[in-house]
Amino acid sequence: MTDKKVDIVVIGAGLTGLTLAFYLEKAGKKVILLEKNERVGGVIHTEEEDGFVYEKGPNTGVISSEAIVQLFDDLKEKCELVTPKPQAKERWILKNGKWEPISSGLIQAITTPLFRWRDKVKILGEPWRKKGTNPDESLAELVKRRMGKSFLDYAVDPFISGIYAGDATKLITRYAMPKLYNLEQNYGSFVKGSIKKKKESKTALQKRVSREIFSAKGGLNKLISALEQSISDDAIFCGCQQIKVKKEELGFTTEFHSREGEQFRVSSSSVVTTFGGKGLLDILPFVQKKCLNPVANITYAKVVQVVLGYKKWNGKKINAFGGLVPSVEKRNILGVLFPGALFDGRNPEQGAILSVFVGGVKKPEMIEKSDDEIRSMVLDEISSTLESEDQPDLFKVFRYENAIPQYDITTKERYEAISQIENEFEGLFLSGNIKDGIGMADRVKQARELSDRLL
Ligand SMILES: Cc1cc2nc3c(=O)[nH]c(=O)nc-3n(C[C@H](O)[C@H](O)[C@H](O)COP(=O)(O)OP(=O)(O)OC[C@H]3O[C@@H](n4cnc5c(N)ncnc54)[C@H](O)[C@@H]3O)c2cc1C
């Protein structure tokens, strides 16, 4: 048994754990980062094969927090933030089998064929509508109330499929889309709030926060490698087994077996878990099961991600970020992204790479389908919506049982349970995408805030 003493043990080396360990070490803290898999990065995973560079997990993030801007600045020697090519910024929504461009501008909202005339008139009246009073209002209810049903069906529903692989009728706005909730609560309207927020004075860093999409040059793994290289070698343990945390009179002891089978015992004043709800009961045996249950029982969307690579693309011209499919269209895919149109170097010249999302909370059974069934289903959709009859040169299927946590009606209870546990066991922090948002920019923001608290 090897004994070690550090300031903080971080469990889980996805984007949250890596960012946290990076900032803690940068501030002079001694950290150990424990990861059960053989590699760091969690669901972020870029592969290169046969002239294609593709993502197995998230494809792009949004530059929606100061923390993500700062992180790329801090890692600029090792990785480069990239934003979409200007010609590929359009987003498409499928209506009656045809892709229609959608934009967040008011003029486009009025001229698009996506929404009914009745709702277009309703959108014009949005600034004068009364604000909601139900703090647990679902996203679907909020949008129907302020913008109308067709806006829910052809803007918000597909958008929620794209982000949460979720169901807008189940997601609670103040947890799932807190910025939207606050616009209504603080300014009385989305339109008025957006205009006023634009006029507020901002720091240089805040000015760089936007709705712009990002990746890293060469794929998101470059961000992960940059973080990994910036953390001390002896701080990261991959392939850890039998991790168990014990509460001591002062602080904690974390025991684990390394990949090589060596047994370690690490004492620390703080322990941070970053890996979500599943597995917490095993690792934190000193926390009562009934306290952890609301966290451990969180609902996740099951997602299948399918990557299709074409050395020569003969289908519809792909000059967009991607296309999302509203539930009312009753198709077999949630949406498709075009990473090769967004960023250089993702597919051979003349070729294309598509990332297709299938399943989600509305179709969890999709994850049970075989690769052959998924292939024929996805190629049917590609043929009918993107006019390509060709067989792909690259075909990959990735299944995620616990892809995206759902910030539904149980979120309040989960947040309360997390606070209660953290108050009872000083120095223990439950983080990761079980709270504070699921996007990569949210993960980095949470890690940054947590590192500030721990310092
Ligand atoms: C298919 C998919 C597509 C997505 N698309 C996008 C997108 O386009 N844009 C976006 O912003 N976000 C997207 N997301 C969400 C985003 O990628 C995640 O929220 C974020 O990367 C999660 O980072 P994390 O570090 O919190 O968790 P994870 O990446 O899940 O990392 C947790 C780590 O903990 C480890 N671990 C788990 N259990 C244990 C244990 N018991 N002991 C030790 N280690 C453990 C895991 O192996 C993992 O490495 C997507 C997610 C998925 C799954």
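Q: Which strand gives the largest share of the shell around the ligand?
A: You're looking at a predicted model: local features need pLDDT of at least 70, side-chain atom pairs count only at pLDDT 80 or more, totals for chains, interfaces and linings use all residues, and side-chain values use heavy atoms, with hydrogens and water left out. Residues are numbered from 1 along each chain as its sequence is written. Helices (H or I, at least four residues) and strands (E, at least two) are DSSP runs, numbered from the N terminus. The largest share of the shell, three residues, belongs to β20.

Q: How many residues are around the ligand?
A: A residue gets counted as near if one of its heavy atoms lies within 4 Å of the molecule. T16, E35, T60, I438 and M440 come nearest, out of a total of 31.

Q: How many charged residues does the shell have?
A: Ala, Val, Leu, Ile, Met, Phe, Trp, Tyr, Cys and Pro count as nonpolar, Asp, Glu, Lys and Arg as charged, and the others, Gly among them, as polar. Sorted that way, the shell around the ligand has 15 nonpolar residues and 13 polar ones, and the charged ones number three.

Q: Which residue puts a polar side-chain atom 2.6 Å from an oxygen atom of the ligand?
A: A polar contact here is a pair of N or O atoms within 3.5 Å; within protein, one must be able to donate a hydrogen and the other to accept it, and residues adjacent in sequence count only if both atoms are side-chain atoms. T60 uses a backbone N or O atom, 2.6 Å from a nitrogen atom of the ligand, and M440 also uses a backbone N or O atom, 2.8 Å from a ligand oxygen. The polar side-chain atom 2.6 Å from a ligand oxygen is that of E35.

Q: How much of the ligand's accessible area does the protein cover?
A: Accessible areas come from the Shrake-Rupley method with a 1.4 Å probe; for residues, only the protein chains shown count as cover. On its own the ligand has 1000 Å² of accessible area, and the part covered by the protein is 88%.

Q: Which elements give two or more residues to the shell around the ligand?
A: Two of them are helices and one is a strand, going by their labels. They are α1 (15-26), β20 (394-405) and α17 (440-454).

Q: Which strands stand at the edges of the sheet of five strands?
A: Two strands pair if DSSP finds at least two bridges between them. This open sheet has the order β11-β3-β2-β15-β21, with parallel pairing. Each edge strand has a single partner, so one side is left without a neighbour in the sheet; the two are β11 (236-237) and β21 (428-430).

Q: What is the bridge partner of V9 in β3?
A: Strand β2 (residues 8-11) runs parallel to strand β3 (residues 31-34), joined by four bridges. In β3, V9's partner is I32.

Q: Which residue takes a positive phi in the hairpin of β8 and β9?
A: Strands β8 (residues 91-95) and β9 (residues 98-102) pair in the antiparallel sense over five bridges, with I93 opposite E100. The hairpin has two residues between the strands, and the positive phi, near 50 degrees, is that of N96.

Q: Which residue in β17 stands opposite R91?
A: β8 pairs in the parallel sense with strand β17 (residues 322-324), over three bridges. Opposite R91 stands G322.

Q: Why is the pair of F237 and F264 called what it is, stacked or edge-to-face?
A: Rings of Phe, Tyr and Trp (its six-membered ring) pair if their centres lie within 6.5 Å; planes under 30 degrees apart count as stacked, over 60 as edge-to-face and the rest as tilted. By this rule there are 14 aromatic pairs. F237 and F264 have ring centres 5.1 Å apart and planes at 70 degrees, so their pair is edge-to-face.

Q: What is the relative accessible area of T411, and is T411 buried or exposed?
A: Buried means under 20% relative accessible area, exposed over 50%, partly exposed in between (1.4 Å probe, protein chains only). T411 sits in helix α16 (residues 411-424), and its side chain reaches the backbone oxygen of D408 at 2.5 Å. T411 has a relative accessibility of 0%, so T411 counts as buried.
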